[in-house]
Amino acid sequence: MFDKVLVANRGEIAVRVIRTLRELGITSVAVFSDLDRDALHVRLADEAYSLGGQTAAESYLNTDAILDVIRRSGAQAVHPGYGFFSENADFARAITAEGVKFIGPPPEAIEVMGDKISSRLAAEKGGVAGVPGRSEVLTSGDEVIAFGEEFGWPVAIKAAFGGGGRGMRVVPSADQAAAALESAQNEALKGFGRSECYVERYLTWPRHIEMQVLADTQGNTVWLGERDCSSQRRHQKLIEESPAPEFPDAVRQAMGQAAVDVSKACGYINAGTVEFLYQDGEFFFLEMNTRLQVEHPVTEFVVGMDLVELQLRVAAGDPLPFSQADIERRGHAIECRINAENPAKGRFLPSPGTITKFRRPDGYATRTDAGYDDGDTVSQFYDNLVAKLIVWGQDREHARRRMIRALEETEIEGIATTIPAHLAILTHPDFIAAKHSTKWVEETLDLSSVEAPIKPAEAPSDANGEALVERQVDVEVDGRRHRVRLWVPDVAPVVAAAGVAAGGAPRPRPAAAAAGGGGGAAGAGQVAVPMQGTIVKVLVAKGDSVDAGQPIAVLEAMKMENNVNADKAGTVAEIRVKAGDTVSAGDVIAVIE
Ligand code: MV4
């Protein structure tokens with residue numbers, strides 16, 4: 001086994017890997033960007049080295065900086081986590097060339113599975129059916145039409161080097177084929193640097209079920225169990241569970257064997273996940289993820305294993321300590337991804353900022369994998385996953401109720417989170433009855449009444465037009481404790497600032513933008529940004545007259561653009577930012593008189 005392992009990641013997954021390293025007595029080496037100098041993964045690691053830089057490209061994706069830390073620290077292996085270098089064959093080769101182990105699959109397997117056409121071919125070689133389609137690069141709209149005429153409409157055009165649904169086009173009929181192919185190719189070229197696309201039959205109401213596999217260097221490959229990841233929106237998973245509900249054991253066994261066959265067909269070693277679409281009792285190979293996934297803890301709970309420990313063991317050359325027949329699955333596990341996003345009205349707007357309070361849930365079979373603690377800042381430059389809540393129960397209903405209890409117990413202040421959306425999903429009759437598919441959150445679930453967790457949907461003001469902020473106060477009435485919400489004048493700006501800022505979702509709502517101003521200046525002409533981000537564009541100039549609610553600037557945070565609006569009508573007296581400037585929650589960017 002290794003003595004020292006470098007974790008080339010940040011946030012909850014770095015924390016999760018560091019914990020197992022500690023348990024195994026292996027020295028952990030963290031790396032960090034300038035923004036993460038005091039991050040939780042850095043605080044928990046045995047050693048930590050600066051990579052410099054702020055953005056992912058400048059820090060966690062800086063190969064030279066990481067190679068330099070490997071040399072200086074003397075680490076014998078690198079755990080890449082997910083994202084960043086986890087599916088980068090060149091990085092795996094670069095560290096292998098230095099005699100350092102990549103804790104993941106061989107680079108050749110990463111490459112085969114990174115190209116969706118070659119991964120379809122690998123599955124075919126393993127005798128596993130993909131969604132009916134053509135494993136060839138499309139060269140004309142006519143080929144799409146020929147396929148649609150033969151297999152029926154709609155069809156899906158997908159980017160060969162894409163994944164995660166980006167670059168996918170659903171084509172309902174022949175007349176739209178040529179235009180859809182062209183736009184898919186353009187998006188693929190822009191997003192992935194490669195324009196190749198292929199065509200498949202489009203399944204209209206599938207469930208997304210994925211199978212965890214594990215392979216050692218002695219030729220043993222096993223499947224551990226499936227995860228149902230059908231609760232998602234815009235291809236971002238919200239809730240995952242295992243076992244998949246209403247999933248016959250005969251299908252599970254067949255899917256497990258299919259996942260093993262696909263893995264063997266590409267020479268897979270280490271932990272991996274084979275994704276399938278499941279519809280009308282049939283499953284089809286979709287793609288293989290050649291990394292440890294975000295949702296791996298639900299499998300850990302059900303099989304009672306530490307997947308990171310097993311990754312380390314097989315990377316060190318040890319055989320798997322069990323065979324397929326030894327693997328038992330017990331009970332049911334559910335994971336909720338707590339993102340720094342405001343789910344109000346189903347919009348899921350990014351909500352970076354400082355976490356002023358974080359109370360984790362506790363209790364039986366309740367696990368929190370968080371990348372942050374109280375006082376830590378969720379930066380606009382990285383993933384907005386703050387924490388994962390994972391619970392186990394003896395069956396699905398016990399796990400569901402335990403998750404609701406755990407979510408209700410969780411207190412996060414200073415940023416908005418997806419917790420209200422999770423509660424809406426977990427208490428919905430369709431989820432309870434397991435009638436949800438991949439489209440359910442977006443097409444059926446009604447989140448219109450979900451409110452921002454920190455701040456009311458409208459920032460109210462009193463009769464004098466003075467800004468009000470929300471406060472929670474505990475009162476006792478006849479000995480019974482009640483929590484009440486009060487909207488009061490903002491007399492304690494330092495405490496109020498972060499909470500109000502995070503709830504201040506940007507939309508044409510006069511008081512909202514300025515409510516982030518920390519100084520309680522709503523309606524006073526101090527236009528403040530509601531969240532940390534980068535100014536993309538300034539839309540007005542000094543001397544312009546503006547209406548209340550008129551956009552003043554465009555702010556980008558976590559890859560989404562948001563308008564920052566005038567809090568009152570008047571004349572622009574001052575503009576304090578220009579395109580490219582980085583701003584913090586509450587910064588005043590313009591003054592209106
Ligand atoms: C599909 C599909 C239906 N038919 N392919 C989206 C993510 C990417 N991994 C593949 N995706 C899909 N491919 C065919 N032929 C529906 C989806 C899909 C989906 C898949 C998994 C999880 C969520 C999804 C949400 C929308 C569409």
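**Group meeting: a ligand shell, a helix and two sheets**

Let's start with one pair: Ala156 has Glu200 of β9 as its bridge partner. Strands here are DSSP runs of type E with at least two residues, helices are H or I runs of at least four, and both are numbered from the N terminus.

A word on the source. This is a predicted model, where local features need pLDDT of at least 70, side-chain atom pairs count only at pLDDT 80 or more, and totals for chains, interfaces and linings use all residues. Residues are numbered from 1 along each chain as its sequence is written, and side-chain values use heavy atoms, with hydrogens and water left out.

Back to the strands. β7, residues 155-159, pairs with β9 in the antiparallel sense over five bridges. Two strands pair if DSSP finds at least two bridges between them. The open sheet has four strands, in the order β6-β9-β7-β8, with antiparallel pairing. Its edge strands are β6 (133-134) and β8 (169-171), and each pairs on one side only.

Now the ligand. How many residues surround the ligand? There are 17, and the closest are Lys158, Glu200, Arg201, Leu203 and His208. Near means that a heavy atom of the residue lies within 4 Å. So Glu200 appears twice: as the bridge partner of Ala156, and in this closest group.

Next, the polar contacts, meaning pairs of N or O atoms within 3.5 Å. An N or O atom in the Glu200 side chain is 2.9 Å from a ligand nitrogen. For Arg201, a polar backbone atom is 2.6 Å from a ligand nitrogen. Leu203 also offers a polar backbone atom, at 2.9 Å from a nitrogen of the ligand. On its own, the ligand has 520 Å² of accessible area, and the protein covers 93% of that. Those areas come from the Shrake-Rupley method with a 1.4 Å probe.

Which elements give two or more residues to the shell? They are β9 (197-201), β13 (270-279) and β14 (282-289).

On to helix α10, residues 296-303. Seven of its eight residues are buried, that is, under 20% relative accessible area with a 1.4 Å probe and protein chains only. Among them are His296, Pro297 and Glu300. Gly304 follows α10, with a positive phi near 70°.

Last, another sheet. Four strands form an open, antiparallel sheet, ordered β30-β29-β27-β32. β30 (560-565) and β32 (582-583) are its edges, each pairing on one side only. β27, residues 533-538, pairs with β32 over two bridges, in the antiparallel sense. There, Gly533 has Val583 as its bridge partner.

Technical notes
A polar contact is a pair of N or O atoms within 3.5 Å; within protein, one must be able to donate a hydrogen and the other to accept it, and residues adjacent in sequence count only if both atoms are side-chain atoms. Buried means under 20% relative accessible area, exposed over 50%, partly exposed in between (1.4 Å probe, protein chains only).
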